[in-house]
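User: Hey, can you walk me through this one? I'd like to start with how some of the helices pack.
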Amino acid sequence: MLKRRIIPCLDIKNGRVVKGVHFGGLRDAGDPIEAARAYDKQGADELCMLDITATTEGRTAFIDVIRRVTPSLFVPVTVGGGVRRASDVDRMLAAGADKVAVNSAAVTNPLLIEDLAKRYGSQCIVGAVDVRRLPPIPQDDGPVYEVVAYGGTRGTGLEAIQWCKTLADLGVGEILLTSMDRDGSREGYDLWITRTVSRSVDVPVIASGGVGSLEHLRQGLATGEGEADAALAASIFHFGLYSIGQAKGYLNEHNIPVRPSK
Amino acid sequence: MAREVTLVDAGLGNIASVERALIQVGGAVNVTRNADEVAMSRCVVFPGQGAFGAKTQKLVEGRMGNALRMVIERGDPFLGICLGMQLLFQSSEENEGQKGLGILPGRCRRFPYGMEMPAETGAQEVAPAAADPKADTSHAQTVAPAGAPPLPGQGDLPGFAQPAAVPAPAPVAPPAKPQRLVRRLKVPHMGWNQVEPTDEHYYFVHSYYVECENNDDVMWMTTYGGIRFPAAVRRGNVLGCQFHPEKSQRSGLKFLRAFLLGGGG
């Protein structure tokens, strides 16, 4: 049986791991190389690294981090942040990444996704989608979510579920769905949007944003709740709250199929 | 001394991680795009990602295809990874005209859309989120009555509940009945799956699977969405794996080392 994946995520700024709340309020969470090795040892199923710097120096530092982290890792590594064109993807793959996540550039230029999927294969291209829940208005049938871009600074006017379907049609091999409302909140994943997107697209969906406990991981992955194929988390692993092994032990006890960590 | 191994860069995806993994297990790796170099190699690894198409057609019919056949026919150790394994077979279901190297009898098929499986034991549909954005936090969520439980023993089995390999068209599950909770299976088959009979986990990413005509060629099997298919194939000096050993952590490195040592996994 295919196992559901646990993916620790490292947000990288100027070559350091940082962690924020609602896409802001960053605090230092350590050295990326040490963190990546520790997660690998603990049995992480994949690793994700997102560059959250906007400067040229930051970009160069990020490529350098990929180059230093990947040689000793033999699990898939997804990277992202600031991908604008094919040459950015080239650079990241050459530095040792296995998959590249594209976010804002897909919004401004959807055909970029088609081009990248053709060039590198769908399995290489992850559609990163940041969403926020819109304030409800009377007689709404259900919650409505908007896609946000540029690190949550700009609304796009795109409805989230339709956008995820479009990305899948354009050829992404996977969708990384992050709730901006929940990011860093430790309130748990936004289960409604995660489940709804997961049921609407044929490609795997990674839940992201809001994990504060092992129970949140379970909710994100459980059928009927978040129903995601993989669960991404940052702070609960960074600050030594839990190890990957503990997370998998908990999920295993609660009938979520995971790869044993040893 | 390190075993010399030629890694074929046929333009079928990123090979950097395969190179690193081979070095890690003691290989002296020569990466090449040159068909003549491949033809002269005494140990070849042929990785690939993606599907049969114009690119693979050109490869199979060209000098590289001949070089790969030459190595295999000479009896030198050969490992095809993912698309590199699929290309050992004759053809692919889609793209009717596309041929593989035809070393092993069989063909590739795409996982069907709309595959489903029973939910894990104890899964329950949570109530739809309330209209107030604050009201759907985990604490506030009410749990709806459970649907009928999943089929006994199926929801949480570690991989191979299916009786036997069925080389028939993949069964597509009927539409979900409202009272039973099912889970949509995604394509590509992406992530860690267990192979039989060894029970090890390996990392898979693929939308097509191989239907092997000759059961003797199958080394390991795995199951996804009720479809049981070869995870690794072997005939004599030719080894193929559907999973990515270079991304399968310790299990994958062990597999590659066994190949380099001639054990073939």
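Analyst: Sure. Keep in mind that this is a predicted model. Helix H3(A) crosses H5(A) in a right-handed sense.

User: Which residues make the contact between H3(A) and H5(A)?
Analyst: On the H3(A) side, Ala86(A), Val89(A), Asp90(A) and Leu93(A). H5(A) brings Leu112(A), Asp115(A), Leu116(A), Arg119(A) and Tyr120(A).

User: And how do the residues of that contact divide into nonpolar, polar and charged?
Analyst: There are 6 nonpolar and 3 charged residues, with no polar ones.

User: What's the angle between H3(A) and H5(A), and how far apart are the axes?
Analyst: H3 covers residues 86–94 of chain A and H5 covers residues 111–120 of chain A; they pack at about 40°, and their axes are 10 Å apart. Angles from 35 to 65 degrees fall in the oblique class, so H3(A) and H5(A) are oblique to each other.

User: Switching topic: Thr194(A). Buried or exposed?
Analyst: Buried: the relative accessible area of Thr194(A) is 4%, and the cut-off for buried is under 20%. Thr194(A) sits in helix H7 of chain A, residues 191–200.

User: What does Thr194(A) touch?
Analyst: Leaving out residues up to four places away in sequence, Thr194(A) touches Leu177(A), Ala207(A), Gly226(A) and Ala228(A).

User: Now the two chains. How much area is buried between chain A and chain B?
Analyst: About 4,600 Å², with 48% of that coming from carbon and sulfur atoms. Chain A puts 54 residues into the contact and chain B puts in 58.

User: Which residues in chain A lose the most area to chain B?
Analyst: Met1(A), Phe74(A) and Asp202(A), which together give 20% of what the chain A side buries.

Note on methods
Residues are numbered from 1 along each chain as its sequence is written. Chains are lettered from A and ligands numbered from 1 in the order in which they are written. This is a predicted model: local features need pLDDT of at least 70, side-chain atom pairs count only at pLDDT 80 or more; totals for chains, interfaces and linings use all residues. Side-chain values use heavy atoms; hydrogens and water are left out. Axes are lines fitted to C-alpha atoms, for helices over the stretch in contact, and angles run from 0 to 180 degrees between N-to-C directions. Helices (H or I, at least four residues) and strands (E, at least two) are DSSP runs, numbered from the N terminus. Angles under 35 degrees count as roughly parallel, over 145 as roughly antiparallel, 65 to 115 as roughly perpendicular and the rest as oblique. A crossing is left-handed if the near helix is turned anticlockwise from the far one by less than a right angle, and right-handed if clockwise. Contact means heavy atoms within 4.5 Å. Ala, Val, Leu, Ile, Met, Phe, Trp, Tyr, Cys and Pro count as nonpolar, Asp, Glu, Lys and Arg as charged, and the others, Gly among them, as polar. Buried means under 20% relative accessible area, exposed over 50%, partly exposed in between (1.4 Å probe, protein chains only). Buried area is the accessible area (1.4 Å probe) that two parts lose on being put together, summed over both.
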